[in-house]
Amino acid sequence: MPEIHNNPDRLLHSRKRHADGTVTTIDSEQAMDEIAARLTELIDTYGPRSVAMYLGTNGLPYPASALMGNAFMRGIESPMFFTANTIDQPGKQIALAAHGHWLGGDVDFHHADSWMLVGTNPLVSKAIGIPGQNPSQNLRAAIERGMKLIVIDPRRSQTAARAAIHLQPRPGEDVTILAGMLHIIIAEKWHDQAFLDENATGFDDLARAVAGFTPAYVAERADIPEEQLRDTARMFATHGVTRGMVNAGTGANFAMHGNLLEYLCLCLTTICGRWQRAGERVTRPNTLMPAFTAKAQPHPPYEGWGYGERLRVRGLTDTVSGMPTAALADEILLEGEGQVKALICIGGNPMAAWPDQRKTHRALQSLELLVTLDTEMSLTSRLADYVIAPMMQMETPAMTMGSELIKYYTSGTGIPAAYGQYVPRVVDPPPGSDLIEEWQFFLGLAKRMDLELWFVNFFGGGGGRFMESPPIVLQMNKDTHLSTEELFEQMCATSRIPLEEVRNHPHGNIFDVDAVVQPRDADCTDRLDVGNAHFLAELADVRATDFAAGRSDEAFPFRLIPRRHQNFMNSSGTALPALNRGKPFNPVYMHPDAVAALGLTSGDSVLVSSSHDTVPAVLEADDTLRRDVVAMHHAFGGLPTEDDEFREHGTNVGRLVPTDVDYDPVTGLPRQGNIAVAVSAFGAGRQRDAVPVSADRALG
Ligand SMILES: Nc1nc2c(c(=O)[nH]1)N[C@H]1C(S)=C(S)[C@@H](COP(=O)(O)OP(=O)(O)OC[C@H]3O[C@@H](n4cnc5c(=O)[nH]c(N)nc54)[C@H](O)[C@@H]3O)O[C@H]1N2
Ligand SMILES: Nc1nc2c(c(=O)[nH]1)N[C@H]1C(S)=C(S)[C@@H](COP(=O)(O)OP(=O)(O)OC[C@H]3O[C@@H](n4cnc5c(=O)[nH]c(N)nc54)[C@H](O)[C@@H]3O)O[C@H]1N2
Ligand SMILES: [Mo]
C-alpha cells in the first residue's frame with residue numbers, strides 16, 4: 001500500500017486527451033463540466049443505454065464509490081452497470097440463488113475440524129476460505145489444533161503444500177471430482193439425513209444425478225488415484241466432531257461450468273449439514289452493519305438469471321451476479337439501437353484484465369467517450385478521453401463495512417467476529433494536487449445534469465433478492481452538500497455498534513457481541529434445494545461428454561491455468577521496481593521435465609498460442625505443476641501493438657481468451673482457465689504466422 005501510494009507515476013491531476021491526440025492536465029471541476037455536457041448530448045442522441053459503467057476491483061476499498069456510481073446510472077436510467085464480478089466467480093451468486101441461503105450463517109474456520117479448498121490459494125490471494133486477515137497464521141493454528149485441510153489444485157500451491165490431502169488432477173475436472181465425492185458420501189451414508197429431512201428438497205434427484213460418477217470413472221477422468229478420492233470423501237465427511245466447509249476459487253471457476261461447480265459445493269455443504277445450528281455462535285454477527293437475528297432455517301431459492309436487461313449478443317441477460325462483462329466489448333462494437341457509446345471505468349483496467357484484449361482494444365478505441373477514474377496512466381487510461389485522478393485510500397476516511405458486506409458473496413468470506421474499524425484521513429493529498437473522491441465525482445456530474453439520485457446501501461445478496469436487514473436509502477440532488485464523514489454516518493445509521501463507538505477504537509476492535517443462532521420459526525416451511533433441475537441437467541451433460549476426445553490435441557498439448565502473483569493485486573503496481581524487484585513480467589511457468597522435453601531453458605523467450613491468438617512470454621521452470629499444465633498470472637502486458645516489449649511489461653493472458661467460443665450461457669464468463677495452448681521457442685520452430693489466425697487477430 002505505501003509503495004502504491006507513493007508511486008512516482010501517480011496522477012496528481014486529471015487528464016484530457018484532445019482531438020489531435022495530445023494529453024494535457026485539466027482542472028477536475030472543468031473535467032466534470034465537460035463530461036456532464038458530453039453525457040447529456042449522448043443520452044439525448046442515442047438514449048440512456050448508450051452510457052455504460054464498469055466497476056473494477058479498486059472501487060472496492062471506497063465504501064461509497066460503487067454505490068454512488070450505481071446511483072448515478074439509475075439516475076440517468078441506464079441499465080448498463082457492469083462489474084468485474086462477471087469475469088471473476090459469478091457462479092457463487094448464481095448457485096446461491098438456485099440453492100437458497102442458510103439464515104444461521106456459515107461455520108467458523110477457527111473451530112472447524114476439516115476444510116476443503118477447490119482451485120483457490122488463500123495463502124497468496126487472502127480471498128476465500130481461510131480467514132484472510134492472516135491466512136498463514138490462521139492455517140497454522142488450525143492444523144496444530146488438528147484440522148485436516150483438503151486442497152484440489154493441479155499445482156502444488158503454497159496452500160496445497162500444507163494440506164493433509166492434495167488432489168492434483170487435470171484442470172477443469174472439479175465438477176467431476178465433487179460429483180464423485182457426493183457419490184461416495186451418499187453411497188456410504190455419511191450425509192446428514194436428519195438435517196436434509198428438515199431443511200432440503202431434491203436429495204433423491206441429486207443422488208440419481210451423481211450415480212454415474214463412480215470412483216473409478218472420476219479417478220480416470222480427473223487423473224487422480226481412486227483411493228485418494230475415497231480418502232478425500234471420507235476425511236471431508238467424517239473427520240473430527242466439529243464441522244468444516246468447502247470453498248472454490250478462481251482456478252476452478254474459470255475452467256467452465258463455474259455455476260455448477262459452486263452449486264455442487266453448496267450441495268456438499270448441505271448434505272453434510274455443514275451450517276451453523278441453533279444454539280451455536282453466530283460466525284459473522286455484524287458490527288457496522290445492522291443487528292439481525294440468525295435463525296437455523298433456510299431462505300428459499302429465488303430467480304437468479306434470465307430477467308431484466310437483455311444484451312444484444314449471445315442471449316445474455318442481467319443476473320444476480322450482475323451484467324455479463326465479457327459481452328460489454330460486443331455491446332460497444334455492435335451497431336444499432338442500444339449501442340454503447342460511452343464508458344466510465346472506476347478502479348478497473350479492461351485493457352489488462354478483460355478477456356479478448358484485441359476486441360477490447362477495438363471497442364475502447366471506437367467509443368465516443370471513455371472516462372476512467374485511475375491513480376495512474378493504466379493501459380486503459382492511455383486510451384481514455386478523460387482520466388480523473390482520485391484520492392487514494394489513505395487520503396479518505398475508511399471503514400470496515402465493506403469487509404462485513406462481503407459475507408453475502410459466499411461462505412468463507414468476511415470477518416468471523418464482530419470486528420469494526422473507522423479511520424479518518426491518514427495523510428493529506430500531496431501539495432499542489434487536484435484530486436477528488438470518486439463518489440464526489442459522480443455527485444458532481446449529477447448536479448450538473450440536474451439528476452435526482454437514490455443512494456441505496458443494501459444489506460443482503462442476490463442483487464437485492466435476499467435481504468437480511470432493510471436497506472438505507474439516501475436521496476441526493478443538486479442541493480446536497482455532504483462530507484465523506486457525514487455520508488458514512490448515514491450509511492451506518494442502523495449499525496449494531498454505533499459508528500461513534502467504533503471510532504473510539506482507532507486501531508479497530510472486536511466487540512463483545514454474544515449472538516447465538518436461534519431455532520427455526522415454528523411456521524417455517526422453506527427448504528434449500530439440492531436438486532435444481534437446471535444444474536442437474538448440466539451435470540448430466542458433463543457426464544455425457546467424451547472427455548478423452550478433447551485431450552489428444554497435438555497442436556495444443558498444454559493446459560494453461562491461472563494463478564495469482566504474491567506481490568501484485570491484478571494489474572496494480574506491476575511496473576513499480578519496489579514491488580516487481582527487477583522482474584516486471586509474468587513468466588509462463590512449466591514443469592522442468594516439460595521444459596527440457598522442448599529443448600528449452602528457464603529464461604528463454606517463447607510463444608504461447610491458443611486457438612485464438614499468440615503472445616510472446618518468458619519461460620520459467622516450476623516443479624509444482626503437472627507436466628501437462630502451464631500457468632500464468634493475468635493482467636500484465638502492454639497494448640496489442642506492444643508485444644515486442646514483453647520483457648518490460650509482461651504478457652497479456654486475455655489475448656488468448658475468446659469471449660464467444662466457450663462461455664457460460666448464464667453469466668457470459670468465458671473459459672479463462674484450462675485453456676488448450678502450445679508453447680514453442682521464440683524465433684525458431686513455430687512462428688507467429690504459423691498459428692491459426694482468428695478473425696479478431698486479422699482485424700486487430
Ligand atoms: N485471463 C484472465 N483474466 C482475468 C483473470 C484471470 O485470472 N485470468 N482474473 C479476473 C478477475 S478475478 C478479476 S477481479 C478481473 C480484474 O479486473 P479489473 O478490476 O478491471 O483489473 P485491475 O487490474 O484490478 O484494475 C485495477 C485498476 O485500478 C487502478 N487503481 C489502483 N488503485 C486505485 C485507487 O485507489 N482508485 C482507483 N480509482 N483506481 C485505482 C489501477 O491502476 C488499475 O488500473 O480480471 C479478470 N480477468
Ligand atoms: N496477491 C494477490 N492477491 C489477490 C489477487 C492478486 O492479484 N494478487 N487478486 C484478488 C482477486 S481479484 C481474486 S478474484 C482473488 C482470487 O483468489 P484465488 O481464487 O485464491 O486465486 P489464486 O491465488 O490464483 O488461486 C487459484 C488456484 O487455482 C489453481 N487452479 C488453476 N486451474 C485450476 C483448475 O482447473 N482446478 C483447480 N482445482 N484448481 C485450479 C491455481 O493453481 C491456483 O493455485 O485473489 C485476490 N487476491
Ligand atoms: Mo477477482
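1. Backbone contacts to ligand 2. In this predicted model, a polar backbone atom of Asn121 lies 2.9 Å from an oxygen atom of ligand 2. Asn570 also offers a polar backbone atom, at 2.8 Å from an oxygen atom of the ligand. At His565 the partner is a nitrogen atom of ligand 2, 2.8 Å from a polar backbone atom.

2. Cover. On its own, ligand 2 has 920 Å² of accessible area, and the protein covers 94% of that.

3. Where the shell comes from. Three elements each give two or more residues to the shell around ligand 2. They are helix H5 (122-125), helix H12 (250-253) and strand S24 (558-562). By domain, the shell takes at least three residues from domain 2 (107-274) and at least three from domain 3 (565-681).

4. Who is in the shell. Ligand 2 is surrounded by 30 residues. Thr120, Ser125, Asp153, Asp174 and Phe568 are the closest. By type, the shell holds 14 polar, 10 nonpolar and 6 charged residues.

5. The chain as a whole. It contains 25 helices and 29 strands. Its radius of gyration is 25 Å, and the globule rule gives 27 Å for 700 residues. Those values are close, so the chain is as compact as a globular protein of that length. The C-alpha trace spans about 70 × 70 × 45 Å along its principal axes.

6. Burial. Of the 700 residues in the chain, 59% are buried.

Methods: Residues numbered from 1 in each chain as written. Chains lettered and ligands numbered in written order. Predicted model: local features only at pLDDT ≥ 70, side-chain atom pairs only at ≥ 80, totals over all residues. Heavy atoms only, no water. Near = heavy atom within 4 Å. Polar contact = N/O pair within 3.5 Å; in protein donor to acceptor, adjacent residues only side chain to side chain. Areas by Shrake-Rupley, 256 points an atom, 1.4 Å probe, with all protein chains shown as cover. Helix = DSSP H or I, 4+ residues; strand = E, 2+ residues; numbered from the N terminus. Nonpolar A, V, L, I, M, F, W, Y, C, P; charged D, E, K, R; others polar. Domains from an automatic or database assignment. Rg over C-alpha atoms; globule rule 2.2 N^0.38 Å. Buried < 20%, exposed > 50% of the residue type's maximum accessible area, 1.4 Å probe, protein only.
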